[in-house]
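Me: I have a new model open and would like to learn how to read its features one at a time. Could you walk me through it?

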Amino acid sequence: MKLSPLSIPYRLARFAGGLVWVLIFAGFGSASMFGMDVGIATLGGLLVLGGALLVGYQVRYYQRFEYTLTADSLDITSGVLSRTNREIPLRRIQNVDVHQNLFQRALDIAEVRVETAGGSSTEATLQYVTTAAASRLVDDVARLKRGEAAEDEPPEETALLYEITSRELALLAFVSLDLRFVPLLSLAVPVVAPTVSRFVLTDPVTGFILAAPLGVVALILLSVVTSGAAAVANYYGFRLTRANGDLRYERGLLQRYNGTIPLDKVQALTIRENVLQRFVSHASLGVETAGYAPGQGAGGGSEAAIPLAPTERVYSLAQTIEPFGTPSFERPPKRARERYTVRYTLVLLVATGLLYAAVQFFAFDIAWWVPLVGVVLTPVAAHYQWKNLGYALTDDYVITRAGFWVRTTKIVPYYRVQTVATSETIFQRRRDLATLSVDTAGGRSIMGANARAVDIDEQTAMTLRETVADRFHQSLVARRSVR
């Protein structure tokens with residue numbers, strides 16, 4: 001099978017812009033060295049030569065690119081200067097995702113990305129096939145992975161699980177604010193507010209009292225607008241369906257995404273609720289697979305199964321994917337709460353010291369004392385940090401919960417566990433605390449995206465590590481006996 005012929009002009013347009021700028025700079029360089037006439041002649045010659053080479057390359061790329069779907073693999077042959085033959089076993093294919101931007105949709109072409117289990121990046125990319133061919137490839141890969149021949153293919157039963165409404169999309173734009181950055185941005189207020197106040201009032205103290213709250217509000221509004229616009233563009237028209245054992249999604253306004261989430265490849269579930277979502281009793285659900293998750297980064301990730309819905313509905317759908325029941329969370333010991341109070345107080349003291357040093361050594365006219373106001377709130381912040389931590393072990397799952405600004409609940413089946421480990425920082429050791437980390441094939445431990453029971457008792461962490469490891473082996477034995 002071949003790429004779409006329209007892929008030639010589209011790829012030409014993509015590469016031509018960068019090439020033209022390089023040639024223009026080369027032409028101006030010649031003009032400055034040898035005169036305008038030589039520069040114009042050089043630029044014209046380079047444009048003709050560069051255009052001819054680019055057209056020739058793209059035509060040859062189209063001619064030499066072929067892909068074939070067999071009963072066992074997806075075979076791709078490509079290469080302009082050198083010939084490359086690739087064979088991707090179907091059993092390793094995790095997702096086949098279809099991407100379209102506005103221009104591609106106008107040309108009725110699409111980019112297909114093939115992701116494999118354990119891959120650190122996209123395994124193969126088809127740039128570009130027709131929209132119909134892309135949809136057919138997604139369906140054929142799913143069918144062949146189920147071991148069904150074309151003539152035996154049953155009518156596909158598609159059930160709509162979730163479709164975002166206009167109200168939910170508007171609410172998503174509001175609650176998508178990442179509040180974790182607001183305290184960090186607020187530290188800039190003591191620096192910015194005095195400068196702003198001088199343009200408003202001659203009295204610097206009164207000006208600061210008025211400008212500081214306005215500065216915080218302005219930062220929050222800016223975050224709301226930017227994060228809300230990104231959320232709407234990302235999840236516009238989101239639909240989630242179940243078809244023949246797979247979840248299928250489509251989303252996007254400017255960039256359209258279509259893809260599959262194989263239920264038999266699910267590594268973990270992630271339920272996220274930021275402060276605003278909890279206030280309106282909504283949450284989001286992510287389904288983590290072993291391969292690359294579209295739009296989330298390489299090396300495994302989580303694709304949104306529900307970007308926003310009432311919390312009860314999110315948990316209800318999560319239970320249909322992994323029946324983890326109603327967990328009862330164990331919180332860390334109360335001495336962890338004391339640790340957070342000390343941590344937050346130290347952060348504010350360091351910020352105050354830095355601002356004071358700026359006043360003394362650089363003569364900045366800033367209110368260096370403002371961070372000290374937050375010291376009285378550190379016990380409250382520490383309590384809510386502690387309150388939103390916890391872990392639960394059920395018969396079939398290990399479940400962790402962490403985060404105040406964005407509370408994240410991770411549900412991991414025992415048979416999907418890759419590694420389980422405990423760790424202690426120098427500050428945790430002072431209070432006999434530890435962190436239990438449960439990693440899966442789709443987790444990103446370097447990024448801290450794996451399931452973690454944070455600041456639990458050190459001895460409890462050791463016991464949990466052994467318990468999870470034992471239940472992992474038991475679950476594998478049980479699954480093999482069923483098969």
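Here is a short tour, from the whole chain down to single residues.

Reply: Happy to. Keep in mind that this is a predicted model.

Me: Let us begin with the overall picture. How many helices and strands does the chain have?

Reply: The chain has 14 helices and 19 strands. Of its 483 residues, 43% are buried. About 24,800 Å² of the chain is exposed, and carbon and sulfur atoms supply 62% of that area.

Me: What share of the contacts between residues at least 6 apart in sequence joins residues at least 24 apart?

Reply: That share is 59%.

Me: Now a sheet, please. What holds strands together in general?

Reply: Strands of a sheet pair through backbone hydrogen bonds, and the pairing is either parallel or antiparallel. For a case here, take the open sheet of 3 strands, ordered β17-β18-β19, where the pairing is antiparallel. The edges are β17 (417-423) and β19 (451-457); each has a single partner strand, so one side of each lacks a neighbour in the sheet. From one strand to the next, the twist averages 15°.

Me: How many bridges link β18 and β19?

Reply: Strand β18, residues 433-440, pairs with β19 over 5 bridges in the antiparallel sense. To find the register, look for L433, which stands opposite D457 in β19.

Me: Which helix packs on this sheet?

Reply: That is α11, residues 335-362, which touches β18 and β19. The direction of α11 makes about 100° with that of β19.

Me: Can we look at a strand with two partners? Which strands pair with β4?

Reply: β4 pairs with β5 (residues 109-116) over 6 bridges and with β10 (residues 255-262) over 4 bridges. Both pairings are antiparallel. On the β5 side, I93 stands opposite T116; on the β10 side, Q100 has R256 as its bridge partner. Strand β4 itself spans residues 93-101, and 9 of its 9 residues are buried.

Me: Next, backbone geometry. What should I expect of phi and of peptide bonds?

Reply: Most residues other than glycine have a negative phi, and most peptide bonds are trans. That makes departures from the pattern worth a look.

Me: Where is there a cis peptide bond?

Reply: A cis bond joins Q127 and Y128, with omega at about 5°. Q127 lies in strand β6 (residues 124-130), and Y128 is placed in β6 too.

Me: Is Q127 buried or exposed?

Reply: Its relative accessible area is 18%, so Q127 counts as buried, the cut-off being under 20%. The side chain of Q127 makes a polar contact of 3.2 Å with the side chain of R11, and another of 3.4 Å with that of E111. Leaving aside residues up to four places away in sequence, Q127 touches L3, S7, R11, R14, Y61 and E111.

Me: And which residues have a positive phi without being glycine?

Reply: Two cases are D432, with phi at about 55°, and D455, at about 60°. D432 sits in the loop between α13 (426-429) and β18, whereas D455 is found in strand β19.

Me: How covered is each of them, buried or partly exposed?

Reply: D432 is partly exposed, with a relative accessible area of 42%. D455 counts as buried, at 1% relative accessibility.

Methods:
Residues are numbered from 1 along each chain as its sequence is written. This is a predicted model: local features need pLDDT of at least 70, side-chain atom pairs count only at pLDDT 80 or more; totals for chains, interfaces and linings use all residues. Side-chain values use heavy atoms; hydrogens and water are left out. Helices (H or I, at least four residues) and strands (E, at least two) are DSSP runs, numbered from the N terminus. Buried means under 20% relative accessible area, exposed over 50%, partly exposed in between (1.4 Å probe, protein chains only). Contact means heavy atoms within 4.5 Å. Accessible areas come from the Shrake-Rupley method with a 1.4 Å probe; for residues, only the protein chains shown count as cover. Two strands pair if DSSP finds at least two bridges between them. Axes are lines fitted to C-alpha atoms, for helices over the stretch in contact, and angles run from 0 to 180 degrees between N-to-C directions. A polar contact is a pair of N or O atoms within 3.5 Å; within protein, one must be able to donate a hydrogen and the other to accept it, and residues adjacent in sequence count only if both atoms are side-chain atoms.
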